[in-house]
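Let's walk through this model together, starting from its interior and working outward to charged pairs and the surface. Please keep the structure open beside the text as you read.

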Amino acid sequence: MNARGARLLQLIEKVGSDEDACQDFASSGFLIEFTGACVVVRRSERLSICIGEGAPPRTVGEPVQVSEDGKTGAIVELNAETDFVARNPDFQSFVGSVAVVALSQGGDFDQTAAAAMDGGKSVQDTVTEMVGTIGENLTFRRAAGISVNEGVVASYVHSAAAPNMGKIGVIVGLESSGDTGKLTEFGKQLAMHIAASNPQWVSQDEVDQAEADREREVLAEQARESGKPEGIVQKMVDGRMRKYYEEVCLLDQTFVIDGETKVSKAVEAAGDDAGGAVKVTSFARFQLGEGVEKEEADFAAEVAATAGG
């Protein structure tokens, strides 16, 4: 193992909150960022590896914007290579401006990227220009939006690093004729639940049938291994499918606010309190680094190759 590989492996093994202990690894060719007890190792591929507990890397901006009437919301994600840029007030202000544009475009990514900002240039052209100015890669990664005809769009930002910008951002739509103040209060609680529980769909009706069938097939194969009669096997599968829906469907989950009530029942109670039945129309949940984890295997191979070189 060469010296560079040995030092990199030592960094990975020693990762923690001791920044001084790792400063000498900067010369290894890897950019090392420290955010609390979380260490981010990056190379030109823009791959993030977070090890240990602590504050998240602030290399992604996820601001949430809700219209003044509370009926429309948008959330965007922009990526910067380094914590230095991500902490910069100008960058954070720019991310917020993109979120405002996304709000005007209903959260549509392509329309937002092509839409003009105050200076007349499109969001994407402005991002490209900023890359040339600061000499660091920036990416407008995704956007989403929600609107309701009557009711509110509520939001929640977890581990906020700046106003409406944090580790996890959620917007959720509540259709109702009830009191908007009470709907907003409940909506924030529901958004907090979504941030914590990470459901994939609002209800069982939205679950992709092909995916549900695959899940049932896998569970059936596992149950048949028990050697029990087919009638018993089907009952076992039905029970396990209920647990599956509790994991992926918002309304089937246990409300984290009280740890007892089903979300569906909490929604009913919120409607009674607000004076109008409540329907959860949709939600959007963005989390830092979401979708990047799939590249970890390539990073591991790179480390192995480096260490062996």
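The largest nonpolar core has 25 residues, where a nonpolar core is a set of buried Ala, Val, Leu, Ile, Met, Phe, Trp, Tyr and Cys residues joined through side-chain atoms within 4.5 Å. Buried here stands for under 20% relative accessible area, exposed for over 50%, and partly exposed for anything in between, using a 1.4 Å probe and protein chains only. If you would like some residues to click on, V76, L78, F91, V98 and F140 are those with the most contacts inside this core. Two or more residues each come from β6, α2 (83–86), α3 (89–104), α5 (123–134) and β7; these labels follow DSSP runs numbered from the N terminus, with helices (H or I) of at least four residues and strands (E) of at least two. Helix α3 gives the most to this core, eight residues. A second, separate core has 24 residues, including I168, L174, F255 and A274.

A word on what you are looking at: this is a predicted model, in which local features need pLDDT of at least 70 and side-chain atom pairs count only at pLDDT 80 or more, while totals for chains, interfaces and linings use all residues. Residues are numbered from 1 along each chain as its sequence is written, and side-chain values use heavy atoms, with hydrogens and water left out.

Let's stay with F140 for a moment. F140 is buried, at a relative accessible area of 4%. How many aromatic pairs does a search of the whole structure find? There are three, counting rings of Phe, Tyr and Trp (its six-membered ring) whose centres lie within 6.5 Å, with planes under 30 degrees apart called stacked, over 60 edge-to-face and the rest tilted. One of these pairs joins F109 and F140, a tilted arrangement with 4.7 Å centre to centre and 35° between the planes. This pair links distant parts of the chain, since F109 sits in helix α4 (residues 109–114) and F140 in strand β7, 31 residues apart. F109 is partly exposed, at 27% relative accessibility. Y244 and Y245 also form a tilted pair, with 5.5 Å between centres and 55° between planes. Y244 is buried at 8%, and Y245 is buried at 16%.

Now to the charges. Side chains of opposite charge can pair when their charged atoms come close. The whole structure holds seven salt bridges, each a side-chain nitrogen of Lys or Arg within 4 Å of a carboxyl oxygen of Asp or Glu. A good place to look is E77, which is buried with a relative accessible area of 0%. The side chains of E77 and R141 meet in a salt bridge at 2.9 Å, N to O. Because R141 lies in strand β7 (residues 138–147) and E77 in strand β6 (residues 72–80), the pair ties together parts that are 64 residues apart in sequence. R141 is partly exposed, at 28%. E77 also meets R142 in a salt bridge, at 2.4 Å, N to O, and this pair again links strands β6 and β7, across 65 residues.

Elsewhere, D273 and K182 form a salt bridge at 3.7 Å, N to O. D273 lies in helix α9 (residues 263–274) and K182 in helix α6 (residues 180–197), so this pair connects parts 91 residues apart in sequence. D273 is partly exposed at 46%, and K182 is partly exposed at 37%. Which residues do shared salt-bridge partners join into one network? They are E77, R141, R142, R285 and E290.

Two members of that network deserve another look. R142 lies over the face of F286, at 3.9 Å from the ring centre; a charge sits over a ring if NZ of Lys or CZ of Arg is within 6 Å of the ring centre and within 35 degrees of the ring normal. R285 lies in strand β10 (residues 279–287) and is buried, at 11%. The C-alpha atoms of R285 and V172 are separated by 8.6 Å, with their positions 113 residues apart along the chain.

Finally, the surface. M192, V256 and I257 make a nonpolar surface patch of about 220 Å². M192 is in helix α6 and is partly exposed, at 31% relative accessibility.

Methods
Patch = residues over 30% accessible without salt bridge, like charges linked within 9 Å, V, L, I, M, F, W, Y side chains within 5 Å. Areas by Shrake-Rupley, 256 points an atom, 1.4 Å probe, with all protein chains shown as cover.
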